[in-house]
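Reader: I would like a close look at how charged side chains pair in this model, and at the surroundings in which that pairing takes place. Please take it slowly and keep the reasoning visible.

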Amino acid sequence: MTWWQNSVVYQVYPRSFADSNGDGVGDIGGIRAHLDHIASLGADVIWLSPVYPSPQDDNGYDISDYQDIDPVFGTLAEFDLLLAEVHERGMKLVMDLVVNHTSDEHPWFVESRSSKDSPKREWYLWRPEPTNWQSVFSGSAWELDEATGEYYLHLFSRKQPDLNWENPALRQEIYRMMRWWLDRGVDGFRMDVINLISKGELVDGPPIPGTPYGDGSASFVNGPRVHEYLQEMHSEVFAGRPALLTVGEMPGVPLEEARLFTDPARREVDMVFQFEHVCLDQGPGGKFDTHPLRLTDLKKSLGRWQTGLADVGWNSLYWNNHDQPRVVSRFGDDSPEFRRDSATCLATLLHLHRGTPYVYQGEELGMANSPFASVSDFRDIESLNYYSFALGSGASPETVLKGLCAAGRDNARTPMQWSSEPHAGFSSVPPWIGVNPDYLEWNASAQYGDTWSVFSHYQRLIRLRRELPVVSLGDFTMLLPEDERVYAFERSLGDARLVVMCNVSGEAVGVSSAGALVLGNMPDPEDGVLRAWEARVHWAV
Ligand code: TEU
């Protein structure tokens with residue numbers, strides 16, 4: 001077993017985690033002040049979302065200096081203290097590597113855009129004419145640069161120009177920077193949209209209904225040289241270094257490709273974030289056109305990935321991150337009656353799958369989507385751009401707002417709820433984004449020491465993973481594939497066989513008896529019945 005196969009990763013989104021200097025924005029001092037929260041949960045690794053210098057156009061995923069810390073978060077010296085304190089607690093820390101694009105304020109881009117003959121011109125993707133591609137953040141994926149009369153590619157915001165990975169000098173500079181962070185002591189990387197770095201032909205894609213743009217993903221999702229680049233990165237950066245974790249965020253990666261990316265023999269990445277299960281509630285209009293999840297769709301998707309990566313490669317397991325709405329609101333039931341039950345039911349379902357679980361800040365408290373009342377409550381460029389774009393295309397503000405409330409990324413970015421103190425104990429001043437008003441009841445300090453709190457249940461799930469090898473390494477067998485309320489499966493390793501039964505519905509259901517109870521999300525389980533949102537793990541009889 002490799003160390004990260006029975007590890008749990010905790011994601012910190014720094015600007016929303018904890019503010020230690022009273023400017024309303026989370027920072028490294030705030031993370032240091034709450035490391036015991038993460039350690040007591042039982043997490044082994046912290047994934048730190050970007051803290052590098054950035055204009056913050058996309059909250060730090062637009063980097064203007066790869067080898068420093070943005071003053072809003074602190075200093076490199078403070079980062080070193082954080083890293084040492086993480087290691088002192090026996091945890092590891094992986095950085096967020098964002099190398100598909102930089103900020104347009106990065107010196108590389110400033111130089112590249114200065115003239116067509118600039119030595120760095122080819123570090124980005126310039127063309128005399130744009131293709132019809134749409135940006136992920138609405139509008140064209142090409143921006144005209146007046147100075148040289150050419151267009152540059154930006155799959156995300158216009159302040160995030162895509163790097164040209166065809167250029168060997170650029171690649172070597174990225175590898176050098178990565179080695180610099182590893183030499184500093186970090187334990188690996190989460191690699192942002194890393195399957196988009198290889199661009200194939202820059203040609204028009206098929207039209208996207210309802211927009212004047214086309215879909216260029218056939219050219220840039222899992223592009224022609226992406227495996228070559230990752231193998232080159234592995235040999236230039238990771239070879240010869242022990243005990244690292246590399247996880248590639250891969251929007252649109254199909255299972256067949258993920259088997260190649262995560263096959264240890266190919267030396268690319270250890271695991272990937274795939275997106276199938278978090279797209280199951282999206283309609284034809286895209287991510288903001290949501291419909292309820294069908295449980296059998298979830299079983300088919302997660303089951304396929306369990307089977308597909310059983311003999312080679314490895315799964316990451318997640319519901320939440322800084323880009324996803326809160327799962328208790330999305331796939332659970334955040335009503336007062338079922339919020340705790342459904343949060344702990346969904347956590348049990350996920351953590352008993354085979355793979356490395358990721359816990360996103362606040363998920364361990366059952367934090368829910370925020371009641372955004374108007375577009376002015378949102379901060380995320382993706383949501384704000386979409387709002388203008390959709391209204392410009394004739395959509396009604398009410399419809400668009402409903403979609404943003406259901407699926408907007410700001411749901412994950414409201415301040416971490418530490419206590420019932422003002423601003424949820426996140427800051428001493430009003431934060432950069434509104435605090436969810438439910439913080440008075442839903443906060444960390446109300447949950448510590450409460451046996452049946454969401455936090456305590458996550459502690460038990462993480463402890464179970466450490467105690468029972470079958471949880472990390474056991475084979476996975478889906479049960480009841482056609483049942484629309486109960487999600488059940490077996491895990492087996494040698495003589496150890498667990499049965500996991502999760503009632504993903506608001507009504508009690510009858511189930512067959514099972515062996516001794518290993519873990520449940522409710523007190524006083526009744527044999528043969530699963531109460532609404534009850535999840536139980538039993539030894540198989
Ligand atoms: O996101 C990549 C990605 O395509 C989606 O997760 C995206 O955020 C969007 O929600 C799809 O509708 C990564 C980062 O996680 C995200 O925060 C950045 O905005 C993006 O890349 C660009 O760096």
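Author: What follows begins with the salt bridges and then turns to helix packing and a few single residues.

The model is a predicted one, and local features are considered where pLDDT is at least 70, while side-chain atom pairs count only at pLDDT 80 or more. Side chains of opposite charge can pair when their charged atoms come close. The structure holds 39 salt bridges, and three of these pairs, together with one network, are taken up here.

In one of them Arg113 is paired with Asp145, and the closest N and O atoms of the two are 2.6 Å apart. This salt bridge links distant parts of the chain, since Arg113 sits in the loop between α4 (107–112) and β4 (126–127), whereas Asp145 belongs to strand β5 (residues 142–145), and the two are 32 residues apart. The partners also sit in unlike surroundings: Arg113 has a relative accessible area of 25% and is therefore partly exposed, while Asp145 has a relative accessibility of 5% and so counts as buried, the cut-off for buried being under 20%.

Another pair is formed by Arg190 and Asp192, whose closest N and O atoms are 2.9 Å apart. Here both Arg190 and Asp192 are buried.

A further salt bridge brings together the side chains of Glu484 and Arg294, at 3.0 Å from N to O. Glu484 is found in the loop between β14 (475–479) and β15 (486–493), and Arg294 in the loop between β11 (286–290) and α9, so this pair ties together parts of the chain that are 190 residues apart in sequence. Glu484 is partly exposed, its relative accessible area being 36%, and Arg294, at 48% relative accessibility, counts as partly exposed as well. Apart from these pairs, one network of salt bridges that share partners joins Asp58, Lys287, Asp323, Asp380, Glu382, Arg409 and Arg413.

The packing of helices comes next. The axes of helix α12 (residues 381–392) and helix α13 (residues 397–407) are 10 Å apart and form an angle of about 155 degrees. Because angles over 145 degrees count as roughly antiparallel, α12 and α13 are roughly antiparallel to each other. The crossing in which α12 passes α13 is right-handed. On the α12 side the contact involves Ser383, Tyr386, Tyr387, Ala390 and Leu391, which meet Pro397, Val400 and Leu404 of α13. By class, the residues of this contact of α12 with α13 divide into seven nonpolar and one polar, with no charged residue among them.

The other helix pair consists of α7 (residues 226–238) and α8 (residues 255–262), whose axes come within 11 Å and cross at roughly 20 degrees. Since angles under 35 degrees count as roughly parallel, α7 and α8 are roughly parallel to each other. The passage of α7 by α8 is again described as a right-handed crossing. Val226, His227 and Leu230 of α7 make the contact with Glu257, Leu260 and Phe261 of α8. This contact of α7 with α8 comprises four nonpolar residues, one polar and one charged.

Helix α8 also leads on to a glycine elsewhere in the chain. Gly308 lies in helix α9 (residues 295–308), and its relative accessible area of 9% means that Gly308 is buried. When residues up to four places away in sequence are not counted, Gly308 touches Leu255 and Arg259. Gly308 and Arg259 are 49 residues apart in sequence, yet their C-alpha atoms are 7.4 Å apart in space.

Gln5 offers another view of a buried position. Gln5 is placed in the segment before β1 (9–12), and with a relative accessible area of 12% Gln5 is buried. Leaving aside neighbours within four places in sequence, Gln5 is in contact with Trp314, Gly355, Thr356, Arg465, Ser472 and Leu473.

Finally, two backbone positions deserve a note. Gln56 is not a glycine, although its phi is positive, at about 65 degrees. Gln56 lies in the loop between β2 (45–48) and α3 (76–88), and Gln56 is buried, with a relative accessible area of 18%. Ala424, likewise not a glycine, has a positive phi of about 60 degrees. Ala424 is located in the loop between α13 and α14 (444–447), and at 0% relative accessibility Ala424 counts as buried.

Terms used
Residues are numbered from 1 along each chain as its sequence is written. Side-chain values use heavy atoms; hydrogens and water are left out. Axes are lines fitted to C-alpha atoms, for helices over the stretch in contact, and angles run from 0 to 180 degrees between N-to-C directions. Helices (H or I, at least four residues) and strands (E, at least two) are DSSP runs, numbered from the N terminus. Angles under 35 degrees count as roughly parallel, over 145 as roughly antiparallel, 65 to 115 as roughly perpendicular and the rest as oblique. A crossing is left-handed if the near helix is turned anticlockwise from the far one by less than a right angle, and right-handed if clockwise. Contact means heavy atoms within 4.5 Å. Ala, Val, Leu, Ile, Met, Phe, Trp, Tyr, Cys and Pro count as nonpolar, Asp, Glu, Lys and Arg as charged, and the others, Gly among them, as polar. Buried means under 20% relative accessible area, exposed over 50%, partly exposed in between (1.4 Å probe, protein chains only). A salt bridge is a side-chain nitrogen of Lys or Arg within 4 Å of a carboxyl oxygen of Asp or Glu.
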